[in-house]
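Here are a few exercises to work through with the model open in your viewer. Try each task before you read its solution.

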Amino acid sequence: MLKGFPGTLAGLGHRTIEGIWRIGAGARLFFYIWYYLLESFKRPRLIVREIFATGVLSLLIILVSAFFVGMVLGLQGYNTLQKYGSSEAIGVLVALSLVRELGPVVTALLFAGRAGTAITAEIGLMKATEQLSAMEMMAVSPVARVIAPRFWAGVISMPILAALFSMVGVLGGYFVAVPIIGVDAGAFWSQMQASVDFRDDIVNGVIKSLVFGVVCTMIALFEGYDAPPTAEGVSRATTRTVVNSSLAVLGLDFILTAFMIGA
Amino acid sequence: MERTTIDLWVGAFVALGLAAIFGLALKVGNLTSSNIGETYTVTAAFENIGGLKPHAPVKSAGVVIGRVDGIVFDSKDYEAKVTIKLDKRYKFPTDTFANIYTAGLLGEQYIGLEAGGEEAQLKNGDKISHTQDAVVLEKLISQFLYSKASDNKSSDSTKATE
């Protein structure tokens, strides 16, 4: 038992140092992106193309899952609320849980799976096939040409996707509550409007999705940029993107919620 | 500038996103229903505000006419000083009565205003002097029990004199 111990200890130390090194390198990449801020907005076409790849192509999965999430919320909420004779509050339940939590969080998780992995694999493969080094040879900064447009595209896409998620989710909840279950449509909307506050709920949800957009895109970009230039390295980096993004989103969501509700 | 299909898609995407945010704000949120335009501020002191919170509605005859702006504790009088923003369209006499009510049995608490008969009207910065505190259930029950007990005692004593 003791025989393996020094090896485990060394492995633990190695992992810790590796982790700290990666945080530092990620931060450096983050600053580089800001450094090339002007340069990347001088070529809006690049950003538009990346918004198409990350945002528009994620629309289908986001909208379909939003509708189903909304419908499930409607069914589950009704099931519990009708025991207390307040099934009209279903609109409030659906809207608040979507706008405050599920909209930003589920969108970020889907985004990490749908768009984040694509970014990581693309950049990792660019690195493996030495396209990034070729750019450097031509005095084109890969950060300005490849990384920064994808970052801004992700940051722009995420709040839009999250807002669409919340809206479509509310419609899904409406679809279950009003035509199927038979809750009064007027009560559904008016109770919702009475308890969803624009600044406290909707704007906070948008802020959350902005933060998740920065975090998810940044993790995807860094994992791709940092990937060992081999087939195995790219595949591992892609896995790490999903795992790290999901953990970061869920952890940050708790911290952000604590800030927003505590205030 | 040459246009591409990607531009069209991204444009539609951004427009959809903006529409969703507007939809959330107007249809789901309260951006339309809470449009109290110009306001004036009055204060009211309560000995006990119960569960009243900032942003709680201020109603008169059941109609929302303002919002609670802030609640602070006044350590001089040991009272809660509640700042209320009222819609400029609605004027109230200076002897208006401010009560704290509860909507339903478990609902949120709100301030109800009942107009008095005075000619002079409340102005910005005025203080509503007639107030009634929130009903605290424990107090109510203890009062009830106390009066019940004293009733019994008095009936006992009347029996004794008979």
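Two residues count as being in contact if their C-beta atoms, placed from the backbone, lie within 7 Å. With that cut-off, residues 24 or more positions apart account for 87% of the contacts in chain A with a separation of 6 or more. Keep in mind that you're looking at a predicted model, with an ipTM of 0.81 and a pTM of 0.77.

**Exercise 1. The two chains**

Task: Work out what each chain is built from, and how much of each is buried.

Solution: Start with chain A. Count its elements and you get 10 helices and 0 strands. Its C-alpha trace spans about 65 × 60 × 35 Å along the principal axes. Of the 263 residues in chain A, 43% are buried.

Now go to chain B, which has 2 helices and 8 strands. Read from the N terminus, the order is α-β-β-β-β-β-β-β-β-α, so a helix sits at either end of the list. Buried residues come to 21% of the 162 in chain B. For contacts in chain B between residues at least 6 apart in sequence, 64% join residues at least 24 apart. On confidence, chain B averages a pLDDT of 82, and 87% of its residues score at least 70.

**Exercise 2. Where the chains meet**

Task: How many residues does each chain bring to the contact, and what kinds does chain B bring?

Solution: First the head count: 23 residues come from chain A and 18 from chain B. Then sort the chain B side by class, which gives 12 nonpolar, 5 polar and 1 charged residues.

**Exercise 3. Two helix pairs in chain A**

Task: Describe how α9(A) packs on α10(A), then do the same for α4(A) and α7(A).

Solution: Two packed helices are described by the angle between their axes and the distance between the axes, so get those numbers before anything else.

For α9 (residues 198–226) and α10 (residues 231–262) of chain A, the angle is about 155° and the axes are 9 Å apart. An angle over 145 degrees counts as roughly antiparallel, so α9(A) is roughly antiparallel to α10(A). Their crossing is right-handed. By class, this contact has 12 nonpolar, 5 polar and 4 charged residues. To find it on screen, look in α9(A) for residues including A:F212, A:V215 and A:I219, and in α10(A) for residues including A:A248, A:V249 and A:L252.

For α4 (residues 59–81) and α7 (residues 142–181) of chain A, the angle is about 45°, with the axes 7 Å apart. That makes α4(A) and α7(A) oblique to each other. The crossing here is right-handed too. The contact divides into 20 nonpolar, 5 polar and no charged residues.

**Exercise 4. Two positive phi values**

Task: Place A:A139 and B:Y78, and decide for each: buried or exposed?

Solution: Most residues other than glycine have a negative phi, so a positive value is worth a look.

Take A:A139, with a phi near 60°. A:A139 lies in the loop between α6 (131–137) and α7 of chain A. With 6 C-beta neighbours inside 10 Å, A:A139 counts as exposed, since the cut-off for exposed is 12 or fewer.

Next, B:Y78 has a phi near 55°. B:Y78 sits in the loop between β3 (63–74) and β4 (79–87) of chain B. There are 8 other C-beta atoms within 10 Å, so B:Y78 is exposed.

Notes:
Residues are numbered from 1 along each chain as its sequence is written. Chains are lettered from A and ligands numbered from 1 in the order in which they are written. This is a predicted model: local features need pLDDT of at least 70, side-chain atom pairs count only at pLDDT 80 or more; totals for chains, interfaces and linings use all residues. Ala, Val, Leu, Ile, Met, Phe, Trp, Tyr, Cys and Pro count as nonpolar, Asp, Glu, Lys and Arg as charged, and the others, Gly among them, as polar. pLDDT is the predictor's confidence in each residue, from 0 to 100. Axes are lines fitted to C-alpha atoms, for helices over the stretch in contact, and angles run from 0 to 180 degrees between N-to-C directions. Helices (H or I, at least four residues) and strands (E, at least two) are DSSP runs, numbered from the N terminus. Angles under 35 degrees count as roughly parallel, over 145 as roughly antiparallel, 65 to 115 as roughly perpendicular and the rest as oblique. A crossing is left-handed if the near helix is turned anticlockwise from the far one by less than a right angle, and right-handed if clockwise. A residue is buried if 20 or more other C-beta atoms lie within 10 Å of its own, exposed if 12 or fewer, and partly exposed in between; C-beta atoms are placed from the backbone.
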